[in-house]
2 protein chains.
Amino acid sequence: MPEPDLRALAERLQEICLAAGLTVATAESCTGGRISDALTDVAGASGYLRGGVVAYSDHAKKAVLGVPASVIGQHGAVSAQVASAMASGARERLGADLAVAVTGIAGPSGATVGKPVGLTYVAVADAAGIDLRRFTWHGDRGSNKAASARAALELLVERAAVIAGRDRDPR
Amino acid sequence: MPEPDLRALAERLQEICLAAGLTVATAESCTGGRISDALTDVAGASGYLRGGVVAYSDHAKKAVLGVPASVIGQHGAVSAQVASAMASGARERLGADLAVAVTGIAGPSGATVGKPVGLTYVAVADAAGIDLRRFTWHGDRGSNKAASARAALELLVERAAVIAGRDRDPR
């Protein structure tokens, strides 16, 4: 079972999306499915959730999400550029209004020069473009995964609320 | 955090796959990412897990996993045929030795004539073909999801152990 705060965020997202007719997709690397698991714990999630991709290998990022090999080669799998490309790819391939992507180093191994364990990028793609956030968590693998999932859902709820508000009151 | 038994199954799977050099992919409908979340809770999962697809809509099953629209149309999204096609599609698209797929009705809604809440198909695709199991759970949404994830991991561990044993002792 996901943490209580993930459940509350999932319920809030579903409420916003069902009311505004928005659809959602996920693209998860270090969170490994934690986000979509939390979303699908709420009955009625199929009303707005198109699906997700757990892109746990470079092959999956390229083959299933269409992340260019050159972007991974140049910036590394844990980078702002790859997070953005994962979000755009999930949004397009799953046909959703919003897509959230997470790529990071959950630990305990995986750190490289300039990229410590805990480094995580979260991106949300929507029709207006990409919103991106960067975090460095300092917990163990379990708490880093949970923190990344929570941060991703928070950004997704924030963007969904903005889009729902704009659609309601166009200027 | 996943249930303790999912954790134990994930550790067992990782041990078998890393020792035998086997790779794994997932294709989840009703479990919504619970399986890949459990697998990625174990440090070192990136050594054998290619990735997964959460196919929560017919669109995702078709566009990302290559399940033929005719198979969904003829048998329904919750069917042995769709579970098999999801497993084959995930295995091929994610380039894995084994892929597990789950499709079912977690509830509380979604039941149709002849397909009660709790009906779940689990399939594992490997080079030898498809292994398929059918269950009908009688819990609530949460416990049905957990039971489906557990059954899927059990079949996956079973098949991985058979393949690892055969590779070790070819006759």
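These questions and answers walk through a predicted model with chains A and B.

Reader: How are residues, chains and ligands labelled, and what pLDDT do local features need?
Author: Residues are numbered from 1 along each chain as its sequence is written, and chains are lettered from A and ligands numbered from 1 in the order in which they are written. Side-chain values use heavy atoms, leaving out hydrogens and water, while side-chain atom pairs count only at pLDDT 80 or more, totals for chains, interfaces and linings use all residues, and local features need pLDDT of at least 70.

Reader: Which strands are the edge strands of the open sheet?
Author: Strands here are DSSP runs of E with at least two residues, and helices are runs of H or I with at least four, numbered from the N terminus. Two strands pair if DSSP finds at least two bridges between them. The open sheet has 10 strands with mixed pairing, in the order β5(A)-β4(A)-β3(A)-β1(A)-β2(A)-β2(B)-β1(B)-β3(B)-β4(B)-β5(B). Each edge strand pairs on one side only: they are β5 (129–136) of chain A and β5 (129–136) of chain B.

Reader: In which sense do β1 and β3 of chain A pair, and what is the bridge partner of A:Ala27?
Author: Strand β1 covers residues 24–28 and β3 covers residues 98–104 of chain A. They share five bridges, in the parallel sense. In β3(A), the bridge partner of A:Ala27 is A:Ala101.

Reader: What angle does helix α5 of chain A make with β4(A)?
Author: Helix α5 (residues 80–93) of chain A packs on the sheet, with contact meaning heavy atoms within 4.5 Å. This helix touches β1, β3, β4 (119–126) and β5 of chain A. Axes are lines fitted to C-alpha atoms, for helices over the stretch in contact, and angles run from 0 to 180 degrees between N-to-C directions. The angle with β4(A) is about 35°.

Reader: Where do the two chains join in the sheet, and which residue stands opposite A:Val54?
Author: Strand β2 (residues 49–54) of chain A pairs with β2(B). The sense is antiparallel, over three bridges. Opposite A:Val54 in β2(B) stands B:Gly52.

Reader: What area is buried between chain B and chain A?
Author: In contact are 34 residues of chain B and 35 residues of chain A. Buried area is the accessible area (1.4 Å probe) that two parts lose on being put together, summed over both. Carbon and sulfur atoms give 50% of this area. The total is about 2600 Å².

Reader: How many salt bridges cross the interface?
Author: A salt bridge is a side-chain nitrogen of Lys or Arg within 4 Å of a carboxyl oxygen of Asp or Glu. A:Arg34 forms one with B:Asp41, the closest N and O atoms being 3.0 Å apart. Across the interface of chain B and chain A, the count is eight.

Reader: Which element gives the most to the side of chain B that touches chain A?
Author: The elements giving two or more residues are α2 (34–40), β2 (49–54), α3 (58–63) and α6 (141–168) of chain B. With six residues, the element that gives the most is β2(B).

Reader: Which residues does the cis peptide bond in chain B join?
Author: B:Pro108 lies in the loop between β3 and β4 of chain B. Omega is about 0° for the cis bond, which joins B:Gly107 and B:Pro108.

Reader: How many residues apart are B:Arg159 and B:Asp126?
Author: Their side chains meet in a salt bridge at 3.0 Å, N to O. B:Arg159 is in helix α6 and B:Asp126 in strand β4 of chain B, so this pair links distant parts of the chain by the DSSP runs. The separation is 33 residues.
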